Structures are given as C-alpha cells and as structure tokens.
Amino acid sequence: MAKVNTFINFPGTCEEAFAFYKTVFGTEYEGEPMRLGSDAPEGTQNMIAHIALPTIGEHVLHGADAPKEMGFELVVGGNVYIMLEPDTQADTDKLFKSLCDGGEIMQSLEVQPWGTYYGICVDKFGTKWVFNCTASE
C-alpha cells in the first residue's frame, strides 16, 4: 500500500525532539535509531542518522540530525507544516496541548466557519503543526 510520511532534519536536536514526540504520540520507535559513526566529523559522532516514529493513523515521522559540520544549512520552520487529523476533538486537544508545550500557539483550536476543529502551533523545536479535526462533539 502506498503512503506518504514526513522527514524532518534537525540541527543536532533530533534525539531530544523525537523523545518529546514519543511522549506526545505515546508510540515506540520503528526499530532502533541509527547513529552517525566514528567516521563522522568531529562533534557529530553519535548524532541521529535516522529515526522513525509512528504518529497517528498510518503516518510515520522520520528524522535525522543535519549538522553544519556535514555541509547542511538548515532554516528551521521554513515552509512546511505537518497536518494532523485526529479522530476526535478530545484527541486533537490532547495532541495540541502536548505539542504546544514549550512552543507557541499560532491559532487556537476552535470550530471554523468551514466546520472543522482547527488550530496551529509551533513546537519547541520549531516544527509547525496544523490540526484539522472533522469530528464534531
């Protein structure tokens, strides 16, 4: 079955970010995280080379560290938002509150004129999240 997942690069904070996401979604990593080895540039050994965490539905969030020492030039936030569509407003509230902890609410959760329960936040790692719940309660 075809599917789409999300991959986020971090400037050395991938392990911390994914430990946080693991508590938010209450899921376990898909396999063990892969780490950069001793052949990586000084100061980057043991950073995350790849990690995967199921979120909701069939979506899996992937990540890696992308340090400057390896030629990466990251702009955190950029033009990407991850949209979550939980099954219930209660699930939406729980995830929104957890992901906003230490971050910033850009638009509070509320029912919109088009009928969905919708809100936007940026987590403490700079990842932007959009919530769009079609269930009414």
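**Strand 8, helix 2 and the rings around them**

In this predicted model, a good place to start is strand 8, where Val130 is the bridge partner of Ile120. That pairing belongs to a longer run of contacts: strand 7 and strand 8 are joined by 6 bridges and run antiparallel. The two strands make a hairpin with 5 residues between them, and in that hairpin Gly126 takes a positive phi near 90°. Strand 8 also pairs with strand 5, this time through 4 bridges and in a parallel arrangement. Here Phe131 of strand 8 is the bridge partner of Leu84.

How much of strand 8 is buried? The count is 6 of its 6 residues, so the strand is largely enclosed by the rest of the structure. Both of its faces are covered, with Lys128, Val130 and Asn132 buried on one side and Trp129, Phe131 and Cys133 buried on the other. Phe131, for its part, comes out at 0% relative accessibility, which makes it buried. Things change just past the strand. Thr134 sits in the segment after strand 8, and with a relative accessible area of 60% Thr134 is exposed. Its C-alpha atom is separated by 38 Å from that of Met47, a residue 87 places away along the chain.

Next comes helix 2. The helix covers residues 89-100, and at 1.5 Å a residue its 12 residues should span 16 Å; the C-alpha atoms at its ends are 16 Å apart, so the two values agree. Which residues of helix 2 are buried? They are Gln89, Thr92, Leu95, Phe96, Leu99 and Cys100. These residues cover an arc of only 125° around the axis, and therefore lie on the same side of the helix. On the face turned away from that buried side, helix 2 carries the exposed residues Lys94 and Lys97. After the helix comes Gly102, with a positive phi near 85°.

What do the buried residues of helix 2 pack against? Their partners are helix 1 (14-25), strand 5 (81-84), strand 6 (104-111), strand 7 (117-122) and strand 8 (128-133). Thr92 gives a good view of this packing. Thr92 is placed in helix 2 and counts as buried, at 0% relative accessibility. Setting aside neighbours within four places in sequence, Thr92 is in contact with Pro86, Leu109, Tyr117, Phe131 and Cys133.

Aromatic rings come up again and again in this model, which holds 9 aromatic pairs. One of them is formed by Phe96 and Phe131, an edge-to-face pair with 5.2 Å from centre to centre and 75° between the planes. Since Phe96 lies in helix 2 and Phe131 in strand 8, this pair ties together parts that are 35 residues apart in sequence. Phe96 is buried too, with a relative accessible area of 7%. Trp114 and Tyr118 also make a pair: their ring centres are 5.5 Å apart and their planes stand at 80°, so this pair is edge-to-face. Are the two partners buried or exposed? Trp114 is exposed, at a relative accessible area of 55%, whereas Tyr118 is buried, at 15%.

Elsewhere, ring pairs link up into a cluster made of Phe10, Phe18, Phe20, Tyr21, Phe25, Phe125 and Trp129. Phe20 has a lysine over its face as well: Lys124 lies there, at 4.5 Å from the ring centre. A similar arrangement involves Lys22, placed over the face of Tyr29 at 4.6 Å from the ring centre.

That leaves the open sheet to describe. The sheet is formed by 4 strands in the order 1-4-3-2, with mixed pairing. Its edges are strand 1 (6-10) and strand 2 (34-35), each of which pairs on one side only. Strand 1 runs parallel to strand 4 (residues 60-65), and 5 bridges join the two. Within strand 4, His62 is the residue that stands opposite Phe7.

Technical notes. Residues are numbered from 1 along each chain as its sequence is written. This is a predicted model: local features need pLDDT of at least 70, side-chain atom pairs count only at pLDDT 80 or more; totals for chains, interfaces and linings use all residues. Side-chain values use heavy atoms; hydrogens and water are left out. The expected span of a helix is 1.5 Å times one less than its number of residues. Buried means under 20% relative accessible area, exposed over 50%, partly exposed in between (1.4 Å probe, protein chains only). The arc is that of the directions from the helix axis to the C-beta atoms. Contact means heavy atoms within 4.5 Å. Rings of Phe, Tyr and Trp (its six-membered ring) pair if their centres lie within 6.5 Å; planes under 30 degrees apart count as stacked, over 60 as edge-to-face and the rest as tilted. A charge sits over a ring if NZ of Lys or CZ of Arg is within 6 Å of the ring centre and within 35 degrees of the ring normal. Two strands pair if DSSP finds at least two bridges between them.
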